Amino acid sequence: MTDVKSETKEFQAEVKQLLDIVIHSLYTERDIFLRELISNAADALEKFRHQQLFEGDVFDKDAPLEIAISFDDKEHTLTITDSGVGMTRAELEKNLGTIAHSGSKSFFSELAEAAKKDVNLIGQFGVGFYAAFMVAKTVRVQSRSYRPDAEGCEWASEGAGSYTLTSCPGLHRGTKIIIELNEDSQDYASEYEIKRIIKQYSNFVPFPIKVAGDTVNTVQALWAKSKQDITDDEYNEFYKFVSNAIDEPLTKLHFSADAPLAIKALLFVPKENFETMGFGRMDPGVSLYCQKILIEQNSANILPEWLRFVKGVVDSEDLPLNISRQALQDSALVVKLNKIITGRFLKYLAELAEKEPETYEKIWKTFGIFLKEGATSDFMHREALAKLLRFESSKSEPGKQIALAEYVARMKEDQKEIYYVNGPSRHAIEAGPYLEAFKKNDIEVIYTMEPIDDFVFNHLGEFDSKKLVSADRADIDLPKGAEDETKEDTEKPAELESAIAATLLKWIKDSLGDKVKDVVASKRLVSSPAIIVNPDGIFTSSMERILKASNQEHKISSKTMEINTSHSLIKALADMRVKDEEFARSVVEQIYDNAMIQAGLLIEPRTMVERNYKILERALQ
Ligand code: ADP
Ligand code: MG
């Protein structure tokens with residue numbers, strides 16, 4: 001098909017869908033079309049600059065690297081020209097006829113939903129080239145690749161179902177996009193409008209953007225300037241540029257270092273977390289430069305994945321300019337850069353928590369989940385991450401969170417471990433049996449209320465040389481609280497006589513069979529009759545629940561049940577076992593199920609409910 005001069009092709013189905021959303025839902029954000037086209041032109045120029053380093057022979061070698069925008073207010077056209085890499089016929093077809101995007105179907109429905117809810121959100125989405133159809137009756141893309149042997153080609157479409165490709169000889173290197181404006185959009189063919197939009201969205205594009213002969217943008221690498229010479233407005237504008245945002249950042253870190261590596265970095269924390277807003281997993285947001293030349297946009301190598309919410313730029317002159325993508329991934333230098341910058345950023349967050357607690361609280365509320373993700377997976381930075389974690393505890397005010405360091409500062413003299421307990425809410429935790437012994441001994445317990453929390457503590461293992469221990473562990477050994485000894489004798493009801501207790505425990509274990517690993521007398525319970533604890537101490541009950549939910553094959557390990565032998569129910573059970581063993585067995589099963597529910601572990605509800613009714617019936621007789 002290479003000798004075909006002109007051919008008409010159908011858009012891929014996803015493209016049609018995207019076009020429909022862009023044209024109908026995003027209509028109120030029309031200005032961004034120019035931002036998208038300029039950003040593509042700048043990308044193409046960056047790619048060219050990069051290719052030039054590898055390949056001696058390129059077409060139109062001396063064409064200046066710039067973007068030019070012209071307009072005709074009589075013909076109602078707008079033309080954006082760049083001298084970037086350009087596209088061959090095959091590339092035009094692939095890039096402008098299909099979507100390579102992570103392109104799940106849900107992406108489009110989410111995009112459409114978001115567009116309805118809040119157009120500001122949409123600004124942060126790269127809707128890309130197709131945004132041109134918000135303002136266009138027709139779009140023509142004339143392109144000539146930088147490859148010496150390529151041929152020029154024109155792509156044209158009205159944004160409906162199809163596009164055409166036609167040979168187009170005599171072009172310069174790069175891409176020219178000619179937009180015939182639709183009736184509602186003819187105002188864009190004006191110098192004032194074009195300059196206004198460039199100032200708003202594209203001010204920091206690193207190539208000159210020329211409108212009617214004037215360079216409109218500030219071509220500068222803000223990160224390379226010294227802090228004193230940058231205004232807040234410039235920082236904010238730059239943030240908007242690198243993150244496609246409309247709002248301002250929550251906070252920023254601008255630093256430079258000379259040793260062990262030469263680094264200039266400008267990193268921003270945004271205000272919103274788009275992952276929790278249903279947009280799916282975020283891509284990395286920090287680009288890698290060497291002496292102001294882009295090496296990799298939105299680099300996955302320069303920061304760990306769990307810092308994907310951070311936006312900005314890292315520039316290191318120690319990087320070889322012509323490093324390839326593959327080499328970046330394997331480069332020991334990049335690994336080192338990553339380590340240094342991550343460490344510096346975490347240190348910055350820790351300082352922020354000291355100096356501007358409210359700002360840090362906002363970061364934690366919005367992006368804490370990412371830091372927790374790091375704490376479950378990153379060994380290198382785990383200590384720095386542990387300092388940034390915040391949780392509610394039995395001694396925090398409801399809704400207020402504390403740092404592990406605050407816990408440690410309040411620990412009892414003879415307390416060696418840090419305790420935590422999982423539950424769906426503060427109320428549920430405080431009503432459950434796990435806290436009883438800690439309350440009695442006045443020992444603080446951290447409340448882990450997110451599914452990921454127990455994995456975080458499990459991975460950290462310890463904080464400040466103190467072991468992190470889940471309150472549902474079987475072998476827990478609490479230091480005695482000061483007031484404990486005085487209270488003990490007066491308040492605690494008598495225990496079962498030891499011989500009776502021993503027989504009862506053995507009988508309970510036999511009745512429950514292999515549902516339990518062991519049944520033992522509890523030293524920790526005060527007002528609950530029984531509690532489920534984890535004998536192996538590897539997984540907490542909360543972790544097991546999550547493992548089970550994500551993998552049906554996961555077998556919940558068998559638990560130990562502790563029995564409160566001074567509880568009136570247990571004493572009555574000892575009597576009932578002698579009088580009516582079958583009924584006593586039902587009661588034991590019910591106690592076990594109740595304890596499992598309190599442990600947050602799934603039980604089979606049907607038999608439980610049936611049994612429960614039988615017991616109630618008998619109680620009412
Ligand atoms: P994105 O920029 O996120 O990749 P776009 O829809 O904006 O998505 O563009 C799709 C692709 O078309 C780009 O990745 C690029 O390969 C190609 N493209 C668009 N505009 C140009 C241009 N001016 N020069 C060269 N290639 C371009
Ligand atoms: Mg783009």
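Guide: A polar contact here is a pair of N or O atoms within 3.5 Å. Keep in mind that we're looking at a predicted model.

Visitor: Okay, what makes N95 a polar contact of ligand 1?

Guide: An oxygen atom of ligand 1 is 3.1 Å from an N or O atom in the N95 side chain. The cut-off is 3.5 Å, so the pair qualifies.

Visitor: Which other side chains have an N or O atom by an oxygen atom of ligand 1?

Guide: Try N40, where the distance to a ligand oxygen is 2.8 Å. T175 works on a nitrogen atom of ligand 1 instead, with a polar side-chain atom 3.2 Å away. As for cover, ligand 1 taken alone exposes 530 Å², and the protein buries 74% of that.

Visitor: And what surrounds ligand 1?

Guide: The shell includes K47, D82, M87 and F129. By type, the shell residues split into four nonpolar, four polar and two charged. Helices α2 (32-54) and α3 (89-97) each bring at least two of them, and α2 gives the most, with three residues.

Visitor: Moving on, why is I443 called buried?

Guide: Its relative accessible area is 4%. Buried means under 20%, so I443 fits the label. I443 sits in the loop between α14 (436-440) and β18 (446-448). The C-alpha atoms of I443 and K480 are 8.8 Å apart, although 37 residues separate them along the chain.

Visitor: Why is L616 called partly exposed?

Guide: L616 comes in at 44% relative accessible area. Partly exposed runs between 20% and 50%, so that's where L616 lands. L616 belongs to helix α21 (residues 605-620), and together with V609 and Y613 it forms a nonpolar surface patch with about 300 Å² of accessible area.

Visitor: What about A212: why does that count as exposed?

Guide: A212 has 54% relative accessible area, and exposed means over 50%, so A212 makes the cut. You'll find A212 in the loop between β8 (209-211) and β9 (214-215). Phi of A212 is near 50°, a positive value in a residue other than glycine.

Visitor: Why is N244 called partly exposed?

Guide: At 22% relative accessibility, N244 is past the 20% limit for buried but not over 50%, so it counts as partly exposed. N244 also has a positive phi, about 55°, without being a glycine. Its loop runs between α7 (232-243) and β10.

Visitor: What makes the bond from A259 to P260 cis?

Guide: Omega is near 0° for that peptide bond. P260 lies in the loop between β10 (251-257) and β11 (263-269).

Technical notes. Residues are numbered from 1 along each chain as its sequence is written. Chains are lettered from A and ligands numbered from 1 in the order in which they are written. This is a predicted model: local features need pLDDT of at least 70, side-chain atom pairs count only at pLDDT 80 or more; totals for chains, interfaces and linings use all residues. Side-chain values use heavy atoms; hydrogens and water are left out. A residue is near a molecule or strand if one of its heavy atoms lies within 4 Å of it. A polar contact is a pair of N or O atoms within 3.5 Å; within protein, one must be able to donate a hydrogen and the other to accept it, and residues adjacent in sequence count only if both atoms are side-chain atoms. Accessible areas come from the Shrake-Rupley method with a 1.4 Å probe; for residues, only the protein chains shown count as cover. Helices (H or I, at least four residues) and strands (E, at least two) are DSSP runs, numbered from the N terminus. Ala, Val, Leu, Ile, Met, Phe, Trp, Tyr, Cys and Pro count as nonpolar, Asp, Glu, Lys and Arg as charged, and the others, Gly among them, as polar. Patches are made of residues with over 30% relative accessible area and no salt bridge: like charges are joined within 9 Å, nonpolar side chains (Val, Leu, Ile, Met, Phe, Trp, Tyr) within 5 Å. A salt bridge is a side-chain nitrogen of Lys or Arg within 4 Å of a carboxyl oxygen of Asp or Glu. Buried means under 20% relative accessible area, exposed over 50%, partly exposed in between (1.4 Å probe, protein chains only).
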